[in-house]
Amino acid sequence: MRKRSGKGAAQVFQITGARQGLADDVRARQRKYVISMSVRTLSVILTAVLWDVQRPVAIVTLVLGALLPYVAVVFANGGRENAPALPSTFVPAPTRPMIAPTVAGGVAEPGPEERG
């Protein structure tokens, strides 16, 4: 469910199994990328501030600042979500029971493969 911005502010309900729109998908991926880059910027600043105070913590923030760009790009370019699974419209044909061979005198009659 999304709220439409504007004067009416009417709620729009999604009732289909369709994926979200391309503009919404791009906006969500951009938001994730900006958040990741903000965390990276904060970690680089913390590295500079903590370098002479807490060197082990500064090294951890330095590694975090070095790895986050790769992670952010991978998440941003991850592509769209998979389409939700819709119920199948295929109806399989009912299976018919197999007719059992007739038994004469306790022994089944030989089939065509066994006669030849």
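Leaving aside its neighbours within four places in sequence, which residues is Thr61 in contact with? In this predicted model, Thr61 is in contact with Ser43, Leu46 and Thr47. The legends below begin with the whole protein and then turn to Thr61.

**View 1. Elements of the protein in order from the N terminus.** The protein is built from three helices and four strands. Read from the N terminus, the order is β-β-α-α-β-β-α. Of the contacts with a separation of 6 or more, 54% are between residues 24 or more positions apart.

**View 2. Surface of the protein.** The exposed area comes to about 10,100 Å². Carbon and sulfur atoms supply 64% of that area. The protein has 116 residues, and 13% of them count as buried.

**View 3. Thr61 in helix α2.** Helix α2 covers residues 55–76, and Thr61 lies in this helix. Thr61 counts as buried because its relative accessibility is 11%, and the cut-off for buried is under 20%.

**View 4. Polar contacts of the Thr61 side chain.** One partner is the side chain of Thr47, with which the side chain of Thr61 makes a polar contact at 2.7 Å. The side chain of Thr61 also reaches a backbone atom, the oxygen of Ala58, at 2.8 Å.

**View 5. Residues in contact with Thr61, leaving aside neighbours within four places in sequence.** Ser43, Leu46 and Thr47 are shown with Thr61. Thr47 appears here as a contact of Thr61 and also as its side-chain partner in the polar contact of 2.7 Å.

Notes
Residues are numbered from 1 along each chain as its sequence is written. This is a predicted model: local features need pLDDT of at least 70, side-chain atom pairs count only at pLDDT 80 or more; totals for chains, interfaces and linings use all residues. Side-chain values use heavy atoms; hydrogens and water are left out. Helices (H or I, at least four residues) and strands (E, at least two) are DSSP runs, numbered from the N terminus. Buried means under 20% relative accessible area, exposed over 50%, partly exposed in between (1.4 Å probe, protein chains only). Contact means heavy atoms within 4.5 Å. Accessible areas come from the Shrake-Rupley method with a 1.4 Å probe; for residues, only the protein chains shown count as cover. A polar contact is a pair of N or O atoms within 3.5 Å; within protein, one must be able to donate a hydrogen and the other to accept it, and residues adjacent in sequence count only if both atoms are side-chain atoms.
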